[in-house]
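Student: I'm new to this structure and would like a close look at a single part. Could you start there and then lead me outwards from it?

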Amino acid sequence: MLKKALLSAVALFALVGHVQAEDLKEFRVGILGGENEADRLRNFQCLSEKLPAAIGVEKVSFFPAADYDGVVQGLLGGTLDYAELGASAYAKVFLAKADAVEPILTTVQTDGSTGYYSIMVARKDSGMTKLEDMKGKKLGFADPDSASGYLVPLVTLPEAIGGPVKEYFGETGFGGGHENLVLEVVKGTFAAGTTWGSGVGEFKDGYTSGNLKKMVDKGILDMDDLVELWRSPLIPNGPIVVRTSLNDETKAKFKQFMVDLPKTDPACFSAIQGGDFTGYTEVNVDFYKPIIDARKATIGG
């Protein structure tokens, strides 16, 4: 009886080990919503060419979510190994399960900063030129889990407008991701909307990186059609996160691959990040503490 139990235990251990080994044959990448799926997959496809050999897996699989929460839930459930999150989406993961993922890197802007901005844009032909012109009008947010598209405006706009967001604007709503939000502003669904950009470079180019830049580069947005009404305080650039339970060797190899990417494959680096950056820098949870605290105090986990 004892021998049978021991053999069963050994078999179970072998099965668990086999499952863990199988897990390392595939590296699962979560891709945030915000622009159309085909574009997101195309931007990340370059990772499938060199990453498997670099980290010792057979293949890299991509999982584009319809919105931010799709990736958040994948990370919380342990079904994704890597994702690039906005600061607020990371805060959501942390508040739900602090040890689910590890933030390891973030991007550095061309001016050396490690932050970006929430930028409120409106149609130029609306005649609006400043935030005060939006009083009583309909404001669009990008996504409930976006730092620039919702959390930071929610927290910082009240000081700029002298009161609560819900009392100042006539109505608010969500645009279904950053790209769609801007398209809805252009269509007139919202009088203005909040999206993200580096704030570095020229407005006419959509700045050096961010949603506006991506849309300009894809030919679906002419910045001459828009005007900037407001810009938030600097927001910490979102983190590259990895599954905490991933083995240390794979984590180290992946981190090194990403650190080297701006030099080994600049085109891939630019495609993934959506604009011009100088490279990556190391971060940890402390870098996002202000965003975590802001989210906890306002919209919660």
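Student: Where is the place of Asn 36?

Tutor: Happy to walk you through it. Keep in mind that this is a predicted model. Asn 36 sits in a loop, with strand 1 (26-31) on one side and helix 2 on the other. Is this residue buried or exposed, or something in between? Its relative accessibility is 35%, so Asn 36 counts as partly exposed. Setting aside residues up to four places away in sequence, Asn 36 touches Glu 179 and Lys 218. There is also a link in space to Gly 177: 141 residues separate Asn 36 from Gly 177 in sequence, while their C-alpha atoms are 9.4 Å apart.

Let's follow the chain onwards from that loop. A search of the whole structure turns up one disulfide. Its partners are Cys 46 and Cys 268, with sulfur atoms 2.0 Å apart. This bond joins distant parts of the chain, since its two ends are 222 residues apart: Cys 46 belongs to the loop between helix 2 (37-44) and helix 3 (47-55), and Cys 268 to helix 11 (residues 266-273). Both Cys 46 and Cys 268 are buried. Which hand does the disulfide have? The torsion about the S-S bond is about 75°, so the disulfide of Cys 46 and Cys 268 is right-handed.

Helix 3 is our next stop. The axis of helix 3 comes within 9 Å of the axis of helix 10 (residues 248-264), and the two cross at roughly 135°. An oblique arrangement covers angles that are neither under 35 degrees, nor over 145, nor from 65 to 115, and therefore helix 3 is oblique to helix 10. Their crossing is right-handed. On the helix 3 side, the residues that meet helix 10 are Leu 47, Lys 50, Leu 51, Ala 54 and Ile 55, and their partners in helix 10 are Thr 250, Lys 253, Phe 254, Phe 257, Leu 261 and Thr 264.

Now for the nonpolar interior. The largest nonpolar core has 27 residues, and the members that touch the most others are Val 71, Leu 75 and Leu 85. Helix 4 (68-76), helix 5 (87-96), helix 6 (147-161) and helix 12 (289-298) are the elements that each give two or more residues to this core. Helix 5 gives the most, with five residues. A second core, of 26 residues, lies apart from this one, and its members include Ile 31, Phe 44, Ile 240 and Leu 261. As for Val 71, its contacts, leaving aside neighbours within four places in sequence, are Gly 30, Ile 31, Leu 32, Ala 65, Leu 80, Ala 83 and Leu 85.

Two of the helices just named also pack against each other. The axes of helix 4 and helix 5 are 10 Å apart, at an angle of about 35°, and helix 4 passes helix 5 in a right-handed crossing. Helix 4 brings Tyr 68, Asp 69, Val 72, Leu 75 and Leu 76 to this meeting, and helix 5 brings Ala 89, Lys 92, Val 93 and Ala 96.

Some single residues further along are worth a look too. Tyr 207 is placed in the loop between strand 8 (192-197) and helix 9. The phi angle of Tyr 207 is near 65°, a positive value in a residue other than glycine. With a relative accessibility of 5%, Tyr 207 counts as buried. Tyr 207 is also one of the contacts of Lys 213, alongside Asp 205, Gly 206, Thr 208, Gly 274 and Gly 275, when neighbours within four places in sequence are left aside. Lys 213 is part of helix 9 (residues 211-217). Its relative accessibility is 15%, so Lys 213 counts as buried.

Glu 184 belongs to helix 8 (residues 178-187). Its relative accessible area is 14%, so Glu 184 is buried. Beyond its neighbours within four places in sequence, Glu 184 is in contact with Thr 189 and Phe 190.

Let's finish at Gly 170, in the loop between helix 7 (165-168) and strand 7 (171-174). Gly 170 counts as exposed because its relative accessibility is 53%. Apart from neighbours within four places in sequence, the contacts of Gly 170 are Gly 136 and Lys 137. Thr 110 is 60 residues from Gly 170 along the chain, and 37 Å separate their C-alpha atoms.

Terms used. Residues numbered from 1 in each chain as written. Predicted model: local features only at pLDDT ≥ 70, side-chain atom pairs only at ≥ 80, totals over all residues. Heavy atoms only, no water. Disulfide = S-S within 2.5 Å. Helix = DSSP H or I, 4+ residues; strand = E, 2+ residues; numbered from the N terminus. Buried < 20%, exposed > 50% of the residue type's maximum accessible area, 1.4 Å probe, protein only. Core = buried A, V, L, I, M, F, W, Y, C linked by side-chain atoms within 4.5 Å. Contact = heavy atoms within 4.5 Å. Axes fitted to C-alpha atoms, helices over the stretch in contact; angles between N-to-C directions. Left-handed = near helix turned anticlockwise from the far one by under 90°.
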